[in-house]
Amino acid sequence: MDKMVIDRIASRNYTAGVVNRFDFRIKKGYGQNFLVDQHVLGKIIRAADIKNDELVIEIGPGIGALTQELAERAEIVAAVEIDKALIPVLSETLSGYDNVEIINADILKTDVREIISKYNKKSAKVIANLPYYITTPIVMSLLELGECINSIVVMVQKEVALRMAAKPGTKDYGSLSLAVQFYSETSLVANVPTNCFYPRPGVDSAVIKLDVLSSPPVDVKDSELMFQIIRAAFSKRRKTLVNCLESSESMSAVFGSLSKADIEEILVSCDLPPKVRGESLGLEEFARLANLIEE
Ligand code: SAM
């Protein structure tokens, strides 16, 4: 196939043409902001580093702008699209590619492991311009799948990308940073202004890469308990960790009748200052705390 003669889908003219020809109604509720910028697309593709024997899973192919680039590099692309009205559009825009399977389904109800085993693969890369209204559930459910996902390169709302990559003590740092960094190494790939999409979204975007870790970066006996502590620690931003833990309903089951002073003592025995705030603690400290509480 001669790549040079095939139209690039990711352009404003091509996208507007397809939308008009199919009389396609763009659905804001599905986060339909189509990428129309080749330069940004190039950055996603370079970050993803796709090999020609790899399976790529794309979430929300839209009219196929990113899918086209993936199909030209990967062995197989499985693209999960919720909007039924886009299926005939994709059959036309991607008619030149025989290594693309479009799955008309909701990604949150899709068994990603099943897709991987269907193609006799052990793992896949996930590459997508995500529907922003469900970024966190999508990313967390992929990360929880473990090693069958090699890496995730996704366009998300800029604010969410900054939160995912944030380090302790910074304004964007919170439970999402810790959850994502428990499973992966994060790197910000590109900032993407609103004029790179059709139609323009209301917020700036960014591309982030998550390299999935083969084992957690910290030694924690009960990761559920650690995340329960983390959620409690960030539930009230301005409060000290002790106050957050003491007033948290979910933690009261763990702490029983322990007083504030007792909880402070636990922190001190973890080498933490009694008045410490959750926002200054890294995964290492939360893991230590969870291990001690578990004991
Ligand atoms: N990949 C295309 C692009 O870059 O131009 C479209 C990206 S657009 C931001 C998000 C896409 O996700 C839309 O096509 C939308 O219909 C689809 N989508 C929304 N919710 C979905 C879900 N729960 N499962 C699968 N696809 C979904």
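Which side chain makes a polar contact with the side chain of Thr 67? The partner is Glu 58, at 2.7 Å, where a polar contact is a pair of N or O atoms within 3.5 Å; within protein, one must be able to donate a hydrogen and the other to accept it, and residues adjacent in sequence count only if both atoms are side-chain atoms.

Some ground rules before going on. This is a predicted model, with local features needing pLDDT of at least 70 and side-chain atom pairs counting only at pLDDT 80 or more, while totals for chains, interfaces and linings use all residues. Residues are numbered from 1 along each chain as its sequence is written, and side-chain values use heavy atoms, leaving out hydrogens and water.

**Two buried spots**

Thr 67 belongs to helix H3, residues 65–71; helices (H or I, at least four residues) and strands (E, at least two) are DSSP runs numbered from the N terminus. Thr 67 counts as buried because its relative accessibility is 0%, and the scale runs buried under 20% relative accessible area, exposed over 50%, partly exposed in between (1.4 Å probe, protein chains only). Besides Glu 58, Thr 67 touches Pro 61, Val 77, Ala 79, Leu 94 and Val 100, not counting residues up to four places away in sequence; contact means heavy atoms within 4.5 Å.

Val 112 sits in helix H5 (residues 112–118) and is buried too, at 7% relative accessibility. With the same sequence neighbours left out (up to four places away), Val 112 touches Ile 57, Ile 107, Leu 142, Leu 145 and Ile 149.

**Cores**

Val 112 turns up again among the contacts of Ile 149, including Ile 116, Ala 124, Val 126, Leu 142 and Val 212. Ile 149 is also one of the residues that touch the most other members of the largest nonpolar core, along with Leu 142, Met 226, Ile 229 and Phe 286; that core has 70 residues. H9 gives the largest share of this core, seven residues. A second, separate core holds 38 residues, among them Ala 10, Val 18, Val 40 and Ala 65. A nonpolar core here is a set of buried Ala, Val, Leu, Ile, Met, Phe, Trp, Tyr and Cys residues joined through side-chain atoms within 4.5 Å.

**Pockets**

| Pocket | Nonpolar lining | Polar lining | Charged lining |
|---|---|---|---|
| Largest pocket | 21 residues | nine residues | four residues |
| Second largest pocket | six residues | three residues | three residues |

For the table, Ala, Val, Leu, Ile, Met, Phe, Trp, Tyr, Cys and Pro count as nonpolar, Asp, Glu, Lys and Arg as charged, and the others, Gly among them, as polar. A pocket is an open set of points on a 1 Å grid over the protein atoms alone, where a 1.4 Å probe fits, with protein on both sides within 12 Å along at least five of seven lines; lining residues have an atom within 4 Å of a point.

The largest pocket holds about 480 Å³ of space. Of its 34 lining residues, Tyr 30, Gly 31, Asn 129, Leu 130 and Pro 131 are the closest to its centre. The second largest pocket comes in at about 220 Å³, and H9 supplies the largest share of its lining, five residues. Volume means the space filled by probe spheres set on the points, with grid points joined across faces, edges and corners.

**Backbone oddities**

The peptide bond from Tyr 198 to Pro 199 is cis, with omega near -10°. Asp 271 has a positive phi near 65° without being a glycine, and it counts as exposed at 67% relative accessibility.
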